[in-house]
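Colleague: I would like to learn how to read a structure like this one, feature by feature. Could you take me through it slowly?

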Amino acid sequence: MENNYIYVPDGKLRNSSSFRCRVPMQGTLQQFIAEGVLSGADDSSVLRFVEDAEGSRKRFVCNVPKGCCPEEMLQLIAIRNNPSNPELDYSLAVNMEESSSASILLCSHTMTHDYYVTSGDMDVALSDNSSLNLVLMQNEHNDARHISRIKVAMGRNARLNMVLVSLHGGDLENSVRVDMNGEGGECRIGGLYLMDRNQKYVADIRLNHNVPHCHSDQIFKGILDDNSKAGFSGLVYVAPDAQKTEAYQANHNLLVSDQAKVDTQPQLEIYADDVKCSHGATIGRMDEQSLFYMRSRGIALKEARILQQLAFVHEVLERVEKTELKERLASLVERRLRGEFSDCRDCSKNCC
Amino acid sequence: MNDIILNIEGLAATIDGKEILKGIDLTIRKGETHAIMGPNGSGKSTLSAVLAGKPNYNVTGGKVTFMGRDLLEMSPEERSWAGLFLSFQYPIEVPGVTNVNFMKSAVNEHRKQKGLPPLSAAAFLKLMREKMAVVEMDSSFSSRGVNVGFSGGEKKRNEIFQMAMLEPSLAILDETDSGLDVDALRIVAAGVNKLKTPDNAAIVITHYQRLLDYIVPDVVHVLYKGRIIKTAGKELALEVEKKGYDWLIHESEA
Ligand SMILES: Nc1ncnc2c1ncn2[C@@H]1O[C@H](COP(=O)(O)OP(=O)(O)O)[C@@H](O)[C@H]1O
Ligand SMILES: [Mg+2]
């Protein structure tokens with residue numbers, strides 16, 4: 001097995017601590033969860049996950065203390081590489097104490113083409129005045145199934161900027177539930193899914209505006225090729241006294257094959273009267289006019305199609321705040337759309 | 001003759017089964033500028049679109065040779081590589097693709113076809129700056145989405161900028177003057193003139209003499225109901241400006 005970024009000495013996993021990354025991003029702390037075993041990051045770093053068993057279930061917790069604003073980003077790389085135990089279940093928790101802020105990147109990879117089922121909960125608690133940049137990058141093989149259930153509770157003036165990048169995976173299910181429980185909260189969620197072959201993707205989003213004066217803004221965009229399928233169901237709920245709520249939700253899909261299918265259901269449930277809310281969904285195909293325009297300038301059809309797809313997803317990637325991460329993700333997305341992933345037998349090259 | 005850039009013989013075309021072009025003959029040689037005039041709906045844009053290879057246009061008859069090759073066999077991108085350029089009457093917006101990236105893809109694809117390596121970032125930016133100056137375009141347009149939020153005049157300037165970048169052998173300017181104020185018209189026309197060489201040619205589609213005051217044609221054609229009903233020198237444009245098309249239509253129907 002030849003790896004660019006993550007490698008195992010002797011080509012074999014003996015213990016999890018043998019993982020490391022050759023090209024980490026600047027200012028990034030890395031930790032690994034290999035088959036549910038945590039490694040990396042020394043005890044001195046404030047920003048890190050530690051194991052905190054919850055009965056028999058594996059649980060990893062990252063606690064950011066009050067007022068603490070580490071500059072480094074924490075990258076947690078979750079790896080599946082042992083197909084003899086395909087099912088794995090663990091949970092993560094991120095606890096942002098008052099007035100803290102942090103950036104966390106979670107990457108999930110399968111290292112072989114075998115069948116894996118990974119399921120995990122993630123609990124995120126944002127105390128008053130705390131702020132979290134959370135990016136999830138999923139890049140798994142076609143026989144892998146991954147179910148993520150993310151629950152977020154937000155306090156007063158808390159801010160969450162979450163971006164879910166589903167680059168590749170056989171069957172990805174992301175459910176997100178956000179409760180905005182304190183006034184002045186701001187929640188941004190961006191989602192990007194790129195599916196082809198027989199891949200499946202489901203996003204199930206529930207965003208609850210339980211109190212007044214909160215702001216939420218969601219955009220999910222997907223490109224579906226071959227026989228892939230995607231489902232989006234999003235519900236924005238505005239409680240009876242949650243006045244001055246601003247809530248936006250959009251889901252846009254680009255079908256690049258005739259067989260790909262999308263089912264999208266954005267919903268608003270509003271019980272307050274002084275609010276600004278909108279939702280919308282589209283399922284579209286390539287824009288023939290702009291393809292012709294590009295071709296008339298000498299951009300070959302294949303390239304024109306890629307440019308159009310890159311343009312389509314641009315808006316979601318723009319939401320990633322860390323520049324270097326944004327650039328890496330953009331280049332991964334481009335390679336993915338150019339079909340360079342399938343050429344490459346070893347998916348582990350394709351990580352942030 | 002090897003100085004012929006474009007030769008059209010008996011070109012007929014339909015859209016959705018409706019016959020729009022009904023037998024066009026036109027020969028354009030190196031160094032020439034041809035004007036095509038004619039009332040709205042005559043088929044001027046259809047002719048441009050057929051020449052540029054727009055899908056959904058059905059060529060039902062005739063032959064088109066461009067630089068010695070069968071144009072109708074070529075894809076739109078091949079036509080561009082061979083040196084054909086259409087300045088669109090209604091330029092298309094391409095949100096999310098910046099002018100820079102758009103032109104980089106286009107220029108490098110052209111270079112690839114000529115067996116040249118891609119331009120370095122620095123060389124490309126230099127070229128871009130140089131060519132933007134041709135139409136007095138502000139550099140802030142480079143980083144904006146192609147034609148997104150551009151005014152009518154800015155879109156037309158952008159078309160001529162693209163033409164300057166690609167240096168075509170044949171430029172078809174479809175109502176490049178519409179929507180331009182006097183200053184913009186002068187800038188765009190001056191840009192087109194700067195790009196003119198004895199080796200290339202242009203087809204200027206317009207309703208108005210005022211553009212032809214700047215870009216002086218060698219030949220003027222009037223297109224009506226899918227046919228060229230009159231071909232003459234540049235004085236024809238002045239006559240059309242004064243008298244309209246009715247007399248020509250009567251003459252052709254007589
Ligand atoms: N996409 C189209 N579908 C159907 N008819 C069209 C289309 N484009 C143009 N036409 C028709 O073709 C004729 C010629 O149009 P056009 O080439 O745009 O004329 P001009 O540029 O001379 O004003 C008109 O009758 C117009 O309605
Ligand atoms: Mg027209």
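Colleague: How many residues line the largest pocket, and which of them lie nearest its centre?

Modeller: This is a predicted model, in which local features need pLDDT of at least 70 and side-chain atom pairs count only at pLDDT 80 or more, while totals for chains, interfaces and linings use all residues. Residues are numbered from 1 along each chain as its sequence is written, chains are lettered from A and ligands numbered from 1 in the order in which they are written, and side-chain values use heavy atoms, with hydrogens and water left out. As a general idea, rolling a probe the size of a water molecule over the atoms shows where empty space is left. A pocket, sought on a 1 Å grid over the protein atoms alone, is an open set of points where a 1.4 Å probe fits, with protein on both sides within 12 Å along at least five of seven lines, and lining residues have an atom within 4 Å of a point. Here 27 residues line the largest pocket, and A:Leu307, A:Leu310, A:Glu334, B:Gly96 and B:Asn101 lie nearest its centre.

Colleague: Which helices and strands each supply at least two residues of that lining?

Modeller: They are α2 (301–317) and α3 (323–337) of chain A, together with β7 and α3 (99–113) of chain B; helices (H or I, at least four residues) and strands (E, at least two) are DSSP runs, numbered from the N terminus.

Colleague: Which residues coordinate the magnesium ion?

Modeller: Donors are N, O and S atoms within 2.8 Å of the metal (3.2 Å for Na, K and Ca), and because water is not among the atoms, sites may look incomplete. The magnesium ion (ligand 2) is coordinated by B:Ser45 through OG and B:Gln89 through OE1, at 2.1 to 2.2 Å. B:Ser45 lies in helix α1 (residues 44–52) of chain B and B:Gln89 in the loop between β6 (84–87) and β7 (94–98) of that chain, so the pair ties together parts that are 44 residues apart in sequence.

Colleague: Is B:Gln89 buried or exposed?

Modeller: Buried means under 20% relative accessible area, exposed over 50%, and partly exposed in between (1.4 Å probe, protein chains only). B:Gln89 counts as buried at 15%, whereas B:Ser45 is partly exposed at 30%.

Colleague: What is the strand order in the open sheet of nine strands?

Modeller: Strands of a sheet pair through backbone hydrogen bonds, either parallel or antiparallel, and two strands count as paired if DSSP finds at least two bridges between them. In chain A the order is β5-β6-β8-β10-β12-β14-β16-β18-β20, with mixed pairing. Its edge strands are β5 (49–51) and β20 (261–270), each of which pairs on one side only.
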